[in-house]
Amino acid sequence: MFSFFKKKSPPVEVPSPPATPARPLSQPAAPTPTPAPTPAQPEPAPTPAARQGWMDRLKAGLRKTGSSITTVFTGTRIDDELYEELETALLVADTGVKATEYLLQDLKRRVKEAKATEPSQVKTLLADAITDLLTPLQKPLSIGDHKPTVIMVAGVNGAGKTTSIGKLTKHLSDEGLSVLLAAADTFRAAAKEQLAVWATRNTVEIVSQQGGDPAAVSFDAVSAGRARGRDVVLVDTAGRLPTQTHLMEEVKKIKRVVQKADGTAPHEVLLVIDGNTGQNALAQVRAFDDTLGLTGLIVTKLDGTAKGGVLCAIAREKPIPVYFIGVGEKLEDLETFNAREFAQALLS
């Protein structure tokens with residue numbers, strides 16, 4: 001498995017050298033060697049088998065999106081017709097007008113500089129262009145700057161929000177971090193029960209109230225996380241449609257109340273979006289960012305979607321980091337986002 005986050009390590013203390021007694025000037029003291037600092041232990045790298053397994057699942061998940069793009073390169077000539085077909089394919093994949101125009105201009109420049117003569121070469125250059133476009137979205141989730149690290153998670157109903165929280169909880173727990181869950185999604189039927197299942201499965205604590213106010217649950221959870229010395233508090237907020245103003249105001253209230261419980265919180269505000277919704281996902285990113293000030297995204301359900309190009313649209317129009325992407329319901333189907341891997345899987 002990949003490392004899901006960047007865990008802050010405590011600073012290494014270097015022992016002071018022992019005091020050297022004074023010597024006569026005729027006998028200069030030999031310099032006392034300073035002990036070398038102990039190097040920080042690197043995080044274990046993912047095994048090749050785990051990485052290859054993830055890539056296979058990602059390729060399979062993006063096959064619908066990629067097939068319409070890769071068929072453009074089956075011809076024998078690089079001409080205006082190829083670029084027109086590619087433009088259509090990118091738009092169909094919900095790459096968006098701005099990102100499509102940007103990619104085409106960048107691709108033509110790369111083709112000219114490389115003196116490419118075969119469509120297969122253009123495909124490789126397109127993968128490079130997509131990688132460069134998506135690279136600003138590639139960022140690890142940092143844990144450890146604050147204790148607890150308070151993470152608010154928002155999203156519309158059906159995007160996979162609560163399931164993503166459960167998967168993230170599992171990986172955080174596996175890294176030895178103590179996690180406390182806040183069941184602040186009090187409006188959706190069985191949301192509290194669904195989160196409780198994940199809490200039991202991961203052997204972590206959960207703060208909830210029967211029909212309680214979401215903001216009150218969030219306040220209690222953050223306060224409990226601080227009192228109990230937990231590393232992470234994950235707040236599952238209620239699902240919201242960005243067009244429902246009164247419900248979006250409720251999410252803003254949760255954030256304000258969390259700030260009252262901890263003046264530095266929330267430290268991360270994540271939005272879970274369904275990769276199948278294409279340009280609608282981009283609209284959600286805009287709306288929730290305007291309301292909450294998003295710090296990161298989780299893109300789910302990329303398996304079988306024909307609209308995976310929406311990540312390019314996000315990169316061009318609203319470049320908020322994509323911490324994780326998901327291609328299925330299993331625990332191992334949620335992984336950290338890597339721009340190069342995504343581009344390669346898309347055009348494989």
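Buried here means under 20% relative accessible area, exposed means over 50%, and partly exposed lies in between, using a 1.4 Å probe on protein chains only. With that in hand, let's start the tour.

This is a predicted model, in which local features need pLDDT of at least 70 and side-chain atom pairs count only at pLDDT 80 or more, while totals for chains, interfaces and linings use all residues. Residues are numbered from 1 along each chain as its sequence is written, and side-chain values use heavy atoms, with hydrogens and water left out.

**Stop 1: the whole chain**

Show the protein chain as a cartoon and you have twelve helices and ten strands to find. Helices (H or I, at least four residues) and strands (E, at least two) are DSSP runs, numbered from the N terminus. Of the 348 residues in the chain, 47% are buried. Contact means heavy atoms within 4.5 Å; among contacts with a separation of 6 or more, 78% are between residues 24 or more positions apart.

**Stop 2: D94**

Select D94, in the loop between α3 (80-92) and α4. Its phi is near 60 degrees, a positive value in a residue other than glycine. Is D94 buried or exposed? D94 has a relative accessible area of 14%, so it counts as buried.

For a contrast, jump to T203, in the loop between α7 (191-202) and β5. T203 is not a glycine either, yet has a positive phi of about 55 degrees. This time the relative accessible area is 72%, so T203 is exposed.

**Stop 3: the sheet**

Now colour the strands. Eight of them form an open sheet in the order β5-β4-β6-β3-β7-β8-β9-β10, with mixed pairing. At the edges sit β5 (205-207) and β10 (334-336), each pairing on one side only. From one strand to the next, the twist averages 20 degrees. Two strands pair if DSSP finds at least two bridges between them.

Select β6 (232-237) next. Six of its six residues are buried: V232, L234 and D236 on one side, V233, V235 and T237 on the other. Pairing with β6 is parallel for β3, over five bridges, and also for β4, over six bridges. To see the register, pick V150, which stands opposite V233 in β6, and then A182, which stands opposite V235 in β6.

Stay on A182 and look towards β5, where its bridge partner is V207. Three bridges join β4 (residues 179-184) to β5, and the two run parallel. Helix α6 (residues 161-174) packs on this sheet, touching β3, β4, β6, β7, β8, β9 and β10, and its direction makes about 170 degrees with that of β6. Axes are lines fitted to C-alpha atoms, for helices over the stretch in contact, and angles run from 0 to 180 degrees between N-to-C directions.

At the β10 edge, select T336. T336 has 16% relative accessibility and therefore counts as buried. Draw a distance to I325, eleven residues away along the chain: the C-alpha atoms are separated by 6.3 Å.

**Stop 4: two partners for α11**

Select α11 (residues 310-317) together with α5 (residues 119-134): they pack at an angle of about 50 degrees, with their axes 9 Å apart. That makes α5 oblique to α11. Angles under 35 degrees count as roughly parallel, over 145 as roughly antiparallel, 65 to 115 as roughly perpendicular and the rest as oblique. Show side chains for I130, L133 and L134 of α5 and for L311, C312, A315 and R316 of α11, which make the contact. They divide into six nonpolar, no polar and one charged, where Ala, Val, Leu, Ile, Met, Phe, Trp, Tyr, Cys and Pro count as nonpolar, Asp, Glu, Lys and Arg as charged, and the others, Gly among them, as polar.

Swap α5 for α4: the axes of α4 and α11 come within 8 Å and cross at roughly 90 degrees. That makes α4 roughly perpendicular to α11. Here the contact is made by K98, A99, Y102 and L103 of α4 and C312, A313, R316 and E317 of α11.

While on α4 (residues 97-114), pick R110. R110 is buried, at 15% relative accessible area. Leaving aside neighbours within four places in sequence, R110 is in contact with L125, D128, A129 and D132.

**Stop 5: two cis bonds**

Finish with the backbone. The peptide bond from K147 to P148 is cis, with omega near 0 degrees; P148 is in the loop between β2 (141-143) and β3. The bond from A265 to P266 is cis too, with omega near -5 degrees, and P266 lies in the loop between α9 (245-261) and β7.
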